[in-house]
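User: I should like to learn how to read a protein structure step by step. May we begin with the model itself?

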Amino acid sequence: MNETTMRKMVHQAVDSHCAHLRDDAWLAQRVIAAVHVQSSEPSRRRSKLSVGLIIAAVLTLMSVTAVAAVVLSARQVVEQEIVPIAQQNDADETVEPEFSHDELSRVLEIAHDNGMTIPQGLLDIAEAGYGYDEEETIRTLASQAFGHSYAYWTIEERYWYGEIGVAIGVLDQNPHRLPGEGEISFDEALQTAASIARTYGSDLDNTDHWRRIIQYACHESEDGAPSSSPIWEMWFEPTSIMYDSYSFTLSPQGEVLSSQRIAAPGEATQSGREIVNQYERVYGAQSDWSIETWAALSNDLRGKNAGSWDIWVYQHADYRLPPAGSITQEAAEALAVQAVGMEKTEVYSVVCCMDGDTPIWKIETRTKKPENIRSATYDAIWWFEIDCMTGEIRDAQQAGYGPDAPSVMLRYIPRRVYEELASEENG
């Protein structure tokens, strides 16, 4: 094989493999600069580069460029591909807020082709033959690309998303701002908050101990119009129950408009309600808590003034880890799902607690039929009580909606315990 034929084959292989990649001018300049450096070396060293080494180097560069294209093009995919689809379905001055099924399918195909992760929820909606809200679709895809949920987006990401909202017609103007002349920067706002927290012994610069939720935005006035002046809103969520939580609002010039500290559990004056609130800041929604978190909560609630009736009920549930010899959590969940006997049934929450002398798994399942996948309600919600030791389903209760539905607290409390406490409360 002569050199000319080999060169053509290499060119054709590279062109075919790279057909889906986008230009990266910055990376190209780095490569060109690297080539110039190589060219300045003695010719005897350059002549020793084999064809195999050249191909290996090209393939390595291709893989690096492919990764860079996925990461760097997420916003471009939205701006150049998805936004035009959202704009094209608007008729005259009427804004269509949803993608049709065909449009949603096309959007997901574009996102997939560009290396973006598609959440299962969007795939399920498309598979069921439905469209979906444009704004929510874009936010969901962008959150996957940015690597964090919307709550933790940077002010730059929030501003970008606001501009997208204007572009697709769901916003008249972008409420999010980037600091301008005469306004404090993100770093200055952060350090103002950090200096206040330091007086309580907290180092908010430690991102291992605190998650930041920060936005710089205008709020609506009473007539619904956005205010002309933005404010800094900053929340610092502790990653452990050992740390305080903080929130601040600052003016564009850095004046502290409000400052709040919520102490970690341990202070003698804290109520049970305050402790549960702190747990929610650390661990999220109660339905997401692990059995270890519930067991720790039981310990922290002992001897505390409840502060509200629901917390008083929690104090009587005796959350704990399953005793030795128990069936596993996975086995208990499987028993509950099997008992429902419907497709698309998922476990929503799990606790391990005591019903008298019996340790039980208390499990909530939720079922949504494919044809109702976009509905805010579920087709079936069940609460199961399963004996930790034997796997026997001791109680199964169907939940519902409306004023006559059983209390949602029953997802976390044995039915017998709850009914006894309710009777005691009602005298």
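User: Against which strands do the buried residues of helix 10 pack?

Analyst: Please note that this is a predicted model. The buried residues of helix 10 pack against strand 3 (210-217), strand 4 (231-238) and strand 5 (245-250).

User: Which residues of helix 10 are buried?

Analyst: A residue counts as buried when its relative accessible area is under 20%. In helix 10, the buried residues are Ala189, Leu190, Ala193, Ala194 and Ala197. They lie on the same side of helix 10, because they cover an arc of only 135° around the axis.

User: How many residues does helix 10 have, and what distance does it reach from its first C-alpha to its last?

Analyst: Helix 10 spans residues 186-198 and has 13 residues. From its first C-alpha to its last it reaches 18 Å, close to the 18 Å expected at 1.5 Å a residue.

User: How should I read a sheet, and what is the order of the strands in the open sheet of four strands?

Analyst: Strands of a sheet pair through backbone hydrogen bonds, and the pairing is either parallel or antiparallel. In this structure, the open sheet of four strands follows the order 7-8-9-10, and its pairing is antiparallel. Strand 7 (345-355) and strand 10 (393-398) are the edge strands, since each pairs on one side only. On average, neighbouring strands of this sheet are turned by 15° against each other, direction ignored.

User: Which helix packs on the sheet?

Analyst: Helix 14 (residues 329-340) does so, touching strand 7, strand 8, strand 9 and strand 10. The direction of helix 14 makes about 50° with that of strand 8.

User: How many bridges join strand 8 to strand 9?

Analyst: Eight bridges join strand 8 (residues 358-367) to strand 9 (residues 380-387), and the two run antiparallel. As an example of residues facing each other, threonine 367 stands opposite alanine 380 in strand 9.

User: Is threonine 365 buried or exposed?

Analyst: Threonine 365, which lies in strand 8, is buried because its relative accessible area is 0%, and the cut-off for buried is under 20%. Leaving aside residues up to four places away in sequence, threonine 365 touches several residues, among them Ala336, Val337, Val340, Val347, Ala380 and Trp382.

User: What does the secondary structure of the whole chain come to?

Analyst: The chain has 15 helices and 10 strands. Of its 427 residues, 37% count as buried. Among the contacts in the chain with a separation of 6 or more, residues 24 or more positions apart account for 56%. The accessible surface of the chain comes to about 23500 Å², of which 50% belongs to carbon and sulfur atoms.

Conventions
Residues numbered from 1 in each chain as written. Predicted model: local features only at pLDDT ≥ 70, side-chain atom pairs only at ≥ 80, totals over all residues. Heavy atoms only, no water. Expected span 1.5 Å × (residues − 1). Buried < 20%, exposed > 50% of the residue type's maximum accessible area, 1.4 Å probe, protein only. Arc of directions from axis to C-beta. Contact = heavy atoms within 4.5 Å. Pairing = 2+ DSSP bridges. Axes fitted to C-alpha atoms, helices over the stretch in contact; angles between N-to-C directions. Areas by Shrake-Rupley, 256 points an atom, 1.4 Å probe, with all protein chains shown as cover.
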